[in-house]
Amino acid sequence: QYSVGIGGTGSALPEKEITNLDLEKMVDTTDEWIRTRTGIGSRRVADENTATSDLSTEAARKALADADLNPEDVDLIIVATVTPDMAFPSTACIVQKNIGATKAAAFDLEAACSGFIYGMTIAEQFIKNGVYKNALVIGAETLSKILNWEDRNTCVLFGDGAGAVVLQRTEEGMGILSSYLGADGASGDVLTQPAGGSRIPASEFSLENKLHYVQMDGSEVFKFAVRVMGRAAKEALSRAGYDLEDIDFLIPHQANIRIIEGSAKRLKLPMDKVYVNLDKYGNMSAASVPVALDEAVRNGKIKKNDLVVLVAFGGGLTWGSTLLKW
Ligand code: ACO
């Protein structure tokens, strides 16, 4: 078995920004409400010509450059997303074409906001057992395309972006030390995009009833999130034989500052050991964790030998955590 670590990171964000003040002109809300309830101040939004594969491609190219890796040496591309360009071909196949990774297998993965951690855990297995050497794992979303911009309950929360990592062999004892994935399908109806699949295909009915947009029971998701984030982070630590006090840095899914603060409290972590960027970008679902990771690496927040926990929750319901020695 080989040890598996992150050889490079990259991220991409659309240029267009929608601030809370812009939203005040679009729905019945205020900057004050959004900031105090969520911690979000602004978000990036893709223009009509930009799809999830475009942001994914840019993030992937940056991660490859950071890892000093040629596209032909990529064995596997996984794109975690709930907003693929289309049902098929997969966004991962479009990225494969765009970057010229001609030898790579490619597929999309859907675990909502936990998707990136699911993707890392899957790619890790292929490298650990020697089947593949280099994998690109991308978390990417253009949630703005499936939001009802007249629904203040949801449109203020989300943003668009993409983050990518190159996973490859690393020295023993470094890189991914443990992972933990979970799901509770029985509670999945609190966060859905009901139409557009085989249950309710796109139709006049789905359009009229706005069923192709994100639907959410915010307070139920909130309660679940606070419960599961701390539990998932602790599970990744204990699986590798570590305790709470060993954490150097936490990169949580960026959904709501109150969820992040609640989780940090449960983990007895001061907020200066927790990465937060949702004030700038909102909740980017599967892209939140890899974009935050890329920024934290570039800002020097994560140092060599740090024990870093990535943790996320999302639709499904799903959750996942990974413990890394950087
Ligand atoms: N501006 C002003 N008022 C608003 C807004 C808004 N943007 N949105 C909702 N409200 C109102 C509601 O209409 C409601 O009013 P009412 O009581 O008169 O009906 C009230 O505010 C809701 O208040 P609370 O329920 O107390 O709001 P809460 O503090 O729970 O915050 C929030 C709501 C921000 C949605 C919170 O519950 C939350 O963050 N939940 C988690 C959501 C989440 O993380 N979703 C993504 C999951 S990840 C994924 O997989 C995509």
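How much area is buried between domain 1 and domain 2, and what share of that area do carbon and sulfur atoms give? In this predicted model, the area buried between domain 1 and domain 2 comes to about 3,600 Å², and carbon and sulfur atoms give 63% of it. The two domains also share a ligand, since the shell around the ligand draws at least three residues from each of domain 1 (3-173) and domain 2 (177-325).

**Domains and their interface**

- The protein is divided into domain 1, which spans 3-173, and domain 2, which spans 177-325, and the C-alpha centres of these domains lie 14 Å apart.
- On the side of domain 1 the contact takes 49 residues, while domain 2 contributes 46 residues to it.
- Within domain 1, the residues that lose the most area to domain 2 are C113, I117 and Y118, which together account for 18% of what that side buries.
- As background to the area quoted above, the size of an interface is often given as the accessible area lost when the parts come together.

**The shell around the ligand**

- The ligand has 25 residues around it, and of these T29, C113, R152, N256 and R258 come nearest; C113 thus appears here as well as among the residues of domain 1 that lose the most area to domain 2.
- Sorted by class, the shell consists of eleven nonpolar, ten polar and four charged residues.
- Four elements, α2 (31-38), α6 (152-155), α8 (218-239) and β12 (307-314), each supply at least two residues of this shell, and α8 gives the most, with four residues.

**Polar contacts and burial of the ligand**

- R152, one of the residues that come nearest to the ligand, has an N or O atom in its side chain 2.8 Å from an oxygen atom of the ligand.
- A polar side-chain atom of R37 lies 2.9 Å from an oxygen atom of the ligand, whereas for W33 a polar side-chain atom lies 3.5 Å from a nitrogen atom of the ligand.
- Taken alone, the ligand exposes 1,000 Å², and 72% of that area is buried by the protein.

**Backbone geometry**

- Most residues other than glycine have a negative phi, and most peptide bonds are trans, which is the background for the three sites that follow.
- F88 and P89 are joined by a cis peptide bond with omega of about 0°, and P89 lies in the loop between β4 (76-80) and α4 (91-99).
- A cis peptide bond also runs from G316 to L317, where omega is near -10°, and L317 has its place in the loop between β12 and β13 (318-325).
- K268, a residue other than glycine, has a positive phi near 55°, and K268 lies in the loop between α9 (257-266) and α10 (278-281).

Terms used. Residues are numbered from 1 along each chain as its sequence is written. This is a predicted model: local features need pLDDT of at least 70, side-chain atom pairs count only at pLDDT 80 or more; totals for chains, interfaces and linings use all residues. Side-chain values use heavy atoms; hydrogens and water are left out. A residue is near a molecule or strand if one of its heavy atoms lies within 4 Å of it. A polar contact is a pair of N or O atoms within 3.5 Å; within protein, one must be able to donate a hydrogen and the other to accept it, and residues adjacent in sequence count only if both atoms are side-chain atoms. Accessible areas come from the Shrake-Rupley method with a 1.4 Å probe; for residues, only the protein chains shown count as cover. Ala, Val, Leu, Ile, Met, Phe, Trp, Tyr, Cys and Pro count as nonpolar, Asp, Glu, Lys and Arg as charged, and the others, Gly among them, as polar. Domain bounds come from an automatic or database domain assignment. Contact means heavy atoms within 4.5 Å. Buried area is the accessible area (1.4 Å probe) that two parts lose on being put together, summed over both.
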